[in-house]
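Hi,

Here is the model I said I would pass on. Have a look at it first, and my notes come right after.

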Amino acid sequence: MIRRLVALIMLGMATVGLLPWLQQAVAAYQAQVRLPADEQAVYQVLSTNGLVSCDVPTTIVLRRNLSRTDNFFRCTNNHGATVTLTWSALDAGGFISASGSDTLPANGTAACRSATLDAGNTADTRTVTFRGSTVADAGLYVQIHFTAQVTVQNGAGGLGGGCP
Amino acid sequence: MRPLIALSLLTLALLSLTSVVAVQSLSSTNQSALTIVSTSDALLALAPGLGAGNASGTAFYQNPVSQDVLLLDFRKGWDAGSYGFTANVTAYANLFRYRWLFTVTNQSAYTQCVSVYVPGVGPADLASIRVRAPGEAGSGLQVAGAGGGSPSCQNLAAGQSFEVDLWWSVTSTAPHTGSFMLRVESIRA
């Protein structure tokens, strides 16, 4: 009788002891579940024709002491939604200063914008930085930089112009 | 015969003690890592984002019907064209912030600490990965740093969602095409 009781207790312990093994095996399986997500994301860096790209004339020529001269730059929005760009044009000497805000529709076409530049009173050639960024903190935020060489020349009359 | 049976039972009983210790050790760490999911009905469900950051269809299901794998293609642009980022030819950084690129939903019964990161060496142009409540304003919470590395996790309650934002700071000076793997996973908080 006692032997049967001991055997029964041992059998119970063995059964109870095996259950955690099963639980452990299930837990370990769950921790190692891998679903087919190992697909790679792709990105591309281009010299031109980016998602939002801007350019200016290679060389902008201003006449010395000319108060204001219109020039232009062109931005293309290749994103699938409207992007509003706040842009500015600055140079280290501060003699050129222009800024504005333009909405670029999501149609993939270029938008030409005028930038009014104030020429300095000395003949010089500078690299001007045009800088643009979206104004809102929602959706796609884009901040871009593009540069142009600006030459201030002696003489009367101004070069440049607005959008074609 | 009986001694043999008793010996067998004794052996099993002793083995059971080991299993109990093992389970206690497992439960003490409480790690129940749910590795990346790519289906819309998995415990960590991924879905293409609804924000302007996905207006070009950058995040999409490989198979829209089965919704099996979520893919990211940052070349996508207007009219399904292939564009990409402008190279930093002027030595200035170009920033692109994709807000609500895709959505992560915790469909488990527990709060999960969710991480989104790039395993291994990620793209140098990837500045950070951030999460926030869908449509929320602000910068959100960073879950991975430069190159998608240095991951951390953010708690996500059962039934709740995060939008995932990818911020790029393109400093590459030469055109190229790259690829990387994004991993979304969680542990029970």
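Below is what I found, going from chain A to the contacts between the chains and then to chain B.

A word on conventions: this is a predicted model, so local features need pLDDT of at least 70 and side-chain atom pairs count only at pLDDT 80 or more, while totals for chains, interfaces and linings use all residues. Residues are numbered from 1 along each chain as its sequence is written, chains are lettered from A and ligands numbered from 1 in the order in which they are written, and side-chain values use heavy atoms, with hydrogens and water left out.

Chain A first. Its secondary structure comes to one helix and nine strands, and the helix leads from the N terminus, with the strands following. (Helices are DSSP runs of H or I with at least four residues, strands are runs of E with at least two, and both are numbered from the N terminus.) Of the 164 residues in chain A, 38% are buried, meaning under 20% relative accessible area with a 1.4 Å probe and protein chains only; exposed is over 50%, and partly exposed is in between. Among contacts in chain A with a separation of 6 or more, 67% are between residues 24 or more positions apart, where contact means heavy atoms within 4.5 Å.

One residue to click on is A:Val150, in strand E9 of chain A. A:Val150 counts as buried, at 1% relative accessibility. From A:Val150 to A:Ser97 is 12 Å, C-alpha to C-alpha, with their positions 53 residues apart in sequence.

Now for where the chains meet. An open sheet of three strands runs in the order E4(B)-E1(A)-E11(B), with mixed pairing. (Two strands pair if DSSP finds at least two bridges between them.) Strand E4 (85-86) and strand E11 (176-181) of chain B are the edge strands, each pairing on one side only. Strand E1 (residues 40-46) of chain A pairs with E4(B) in the parallel sense, over two bridges, and A:Leu46 stands opposite B:Thr86 there.

B:Thr86 turns up again in the second largest pocket: along with A:Ser47, A:Ser53, A:Cys54 and A:Asp55, B:Thr86 is one of the lining residues nearest the centre. The lining has 20 residues, which divide into seven nonpolar, eleven polar and two charged.

Over in chain B, try strand E6 (residues 112-117). Six of its six residues are buried, so E6(B) is largely enclosed by the rest of the structure. Both faces are covered, with B:Gln112, B:Val114 and B:Val116 buried on one side and B:Cys113, B:Ser115 and B:Tyr117 buried on the other. E6(B) has an antiparallel partner in strand E9 (residues 154-156) of chain B, over three bridges, where B:Cys113 has B:Asn155 as its bridge partner. Strand E12 (residues 183-188) of chain B also runs antiparallel to E6(B), joined by six bridges, and B:Ser115 stands opposite B:Glu185 in E12(B).

Last one: B:Thr103, in strand E5 (residues 94-106) of chain B. B:Thr103 is buried, with a relative accessible area of 10%. Not counting residues up to four places away in sequence, B:Thr103 touches B:Ala45, B:Leu46, B:Ala47, B:Pro48, B:Gly49, B:Ser161 and B:Phe162.

Cheers

Terms used:
1 Å grid on protein atoms, 1.4 Å probe; cavity = no way out; pocket = protein on both sides within 12 Å on 5 of 7 lines; lining within 4 Å. Nonpolar A, V, L, I, M, F, W, Y, C, P; charged D, E, K, R; others polar.
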